[in-house]
Amino acid sequence: MEDIFQTENAASTKACGAPEEALQVRNVKKTFTLSYKQRKINRTDERKKVAVDGLSFSAVNGEIYGLLGPNGAGKTTVMRMISTLIKCDSGDITVFGHSVKTAPDKVRASIAFLTSELKLEDYFTPSYLYNFYSDLHGIPAAARDARKKQLFDKFGIGSFSEIKLAELSTGMKQKVSIAVSLAHDPKVIIYDEPTNGLDVITAKIVTDFLLELKKEGKCIIVSTHIFSLIEKVCDRVGIIINGKMALEGTLAGVCAGP
Ligand SMILES: Nc1ncnc2c1ncn2[C@@H]1O[C@H](COP(=O)(O)OP(=O)(O)OP(=O)(O)O)[C@@H](O)[C@H]1O
Ligand SMILES: [Mg+2]
């Protein structure tokens, strides 16, 4: 996709031509305190749950890195920490050298975040929502409208851009979420189960789009349980079990075992 405006990536230029380390997750830990209800759901008397336990990995520009692992492994938690929605207890995460602890605003300016639990406000239209988030990033109106047209055309959102989200299907809403997440042309893309609940055609549009973003040199972190998506797009995968990195490497390497 044509770059129609520049975003700030202060520490992003490397002269040597080696792939740039866009994202670094270093020895990150997160423990949740469980409520009575959560203890019942998890069938445990423990008051604490270590969701992420000293996790480290990194990804470079032009790479799609897949986070895999069983339910409850800690994938969404680490993605929420990268996106600055929740804080790490210890360790650090940097995006182009900016720490989530000391420069969360710089991190947010550089990333797109999409989670399966994201709820779009039903009352608004895709066009209104897009403008709202784009304006939050301070994008001038002309650049905003040009990029909106590009993204809405790409996902076929134009035909329902003025219809309230309450009246749209899951797939339509997911397309809107993806378009909105890319409003500020982020360089690092964090998508948590992006094809969840989508029909095969919409899932293919999203899959192909991830490959397009990779070609543009974006760094993409994607979590999924769908093996075909992993096979099609991931350059490397990390398998998380109980909050720890159990295995990491190319898909072929990981399938061959430790
Ligand atoms: N806000 C929270 N409060 C308490 N426990 C939590 C909270 N968020 C996550 N957890 C717990 O942390 C662990 C990791 O959850 P997480 O959602 O990161 O797993 P996941 O790998 O994304 O799983 P899934 O594949 O099912 O999406 C789980 O045991 C979960 O119950
Ligand atoms: Mg999850």
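Select helix α2 (75-82) first. In this predicted model, K75, T77, V78, M79, R80, M81 and I82 of α2 are buried. That is seven of the eight residues of the helix, so α2 is largely enclosed by the rest of the structure. Step just past the end of α2 to T84, where phi is positive, at about 70°.

**Ligand 1**

Keep α2 displayed and add ligand 1. The ligand is surrounded by 14 residues, and the closest are F32, A51, N71, T76 and T77. Two elements, β2 (48-60) and α2, give two or more residues to this shell. Which element gives the most to the shell around ligand 1? It is α2, with three residues. Colour the shell by residue class: eight of its residues are polar, four are nonpolar and two are charged.

**The whole chain**

Zoom out to the full protein chain. It has nine helices and 10 strands. The radius of gyration is 18 Å, close to the 18 Å that the globule rule gives for 258 residues, so the chain is as compact as a globular protein of that length. Along the principal axes, the C-alpha trace spans about 50 × 50 × 40 Å. Buried residues make up 38% of the 258. Among contacts with a separation of 6 or more, 74% are between residues 24 or more positions apart.

Now colour by pLDDT. The mean for the protein chain is 88, and 91% of the residues reach 70 or more. Of the elements, strand β4 (residues 90-95) has the highest mean pLDDT, 97, while helix α9 (residues 251-256) has the lowest, 78. Select residues 1-15 as well: pLDDT stays under 50 over this stretch, for which the model has 29 contacts beyond four places in sequence.

**Helix α6 and Q174**

Move to helix α6 (residues 170-181). Does its length agree with an expected span, and what are the two values to compare? At 1.5 Å a residue, the 12 residues of α6 should span 16 Å, and the end C-alpha atoms are 16 Å apart, which agrees. Buried positions in α6 are Q174, K175, V176, S177, I178, A179, V180 and S181. To see what these buried residues pack against, display β6 (111-114), α4 (126-136), α5 and α7 (200-215).

Within α6, centre on Q174. Q174 counts as buried because 25 other C-beta atoms lie within 10 Å, where 20 or more is the cut-off. Apart from neighbours within four places in sequence, Q174 is in contact with L198 and T202. A distance drawn between the C-alpha atoms of Q174 and T202 reads 9.1 Å, for two residues 28 apart along the chain.

**D153 on helix α5**

One of the elements packed against α6 is α5, so go there next and select D153, in helix α5 (residues 141-155). Is D153 buried or exposed? It counts as exposed, because it has 10 C-beta neighbours inside 10 Å and the limit for exposed is 12 or fewer. From D153, draw a line to E167: these residues are 14 apart along the chain, and their C-alpha atoms are separated by 20 Å.

**Two loops with positive phi**

Most residues other than glycine have a negative phi. Two loop residues to check against this are F96 and E193.

Select F96 in the loop between β4 and β5 (98-99). Phi of F96 is positive, about 50°, although the residue is not a glycine. F96 is buried, with 25 other C-beta atoms within 10 Å.

Then select E193, in the loop between β7 (188-192) and α7. Phi of E193 is near 45°, again a positive value in a residue other than glycine. E193 has 21 C-beta neighbours inside 10 Å and so counts as buried.

**G217, past α7**

Follow the chain along α7 to the loop between α7 and β8 (219-223), where G217 is found. With 14 other C-beta atoms within 10 Å, G217 is partly exposed. Which residues is G217 in contact with, leaving aside its neighbours within four places in sequence? They are N61 and G62. For a last distance, pick the C-alpha atoms of G217 and V188: they are 9.3 Å apart in space, with the two positions 29 residues apart in sequence numbering.

Technical notes: Residues numbered from 1 in each chain as written. Chains lettered and ligands numbered in written order. Predicted model: local features only at pLDDT ≥ 70, side-chain atom pairs only at ≥ 80, totals over all residues. Helix = DSSP H or I, 4+ residues; strand = E, 2+ residues; numbered from the N terminus. Rg over C-alpha atoms; globule rule 2.2 N^0.38 Å. Contact = placed C-beta atoms within 7 Å. Expected span 1.5 Å × (residues − 1). Near = placed C-beta within 6 Å. Nonpolar A, V, L, I, M, F, W, Y, C, P; charged D, E, K, R; others polar. pLDDT = per-residue confidence, 0-100.
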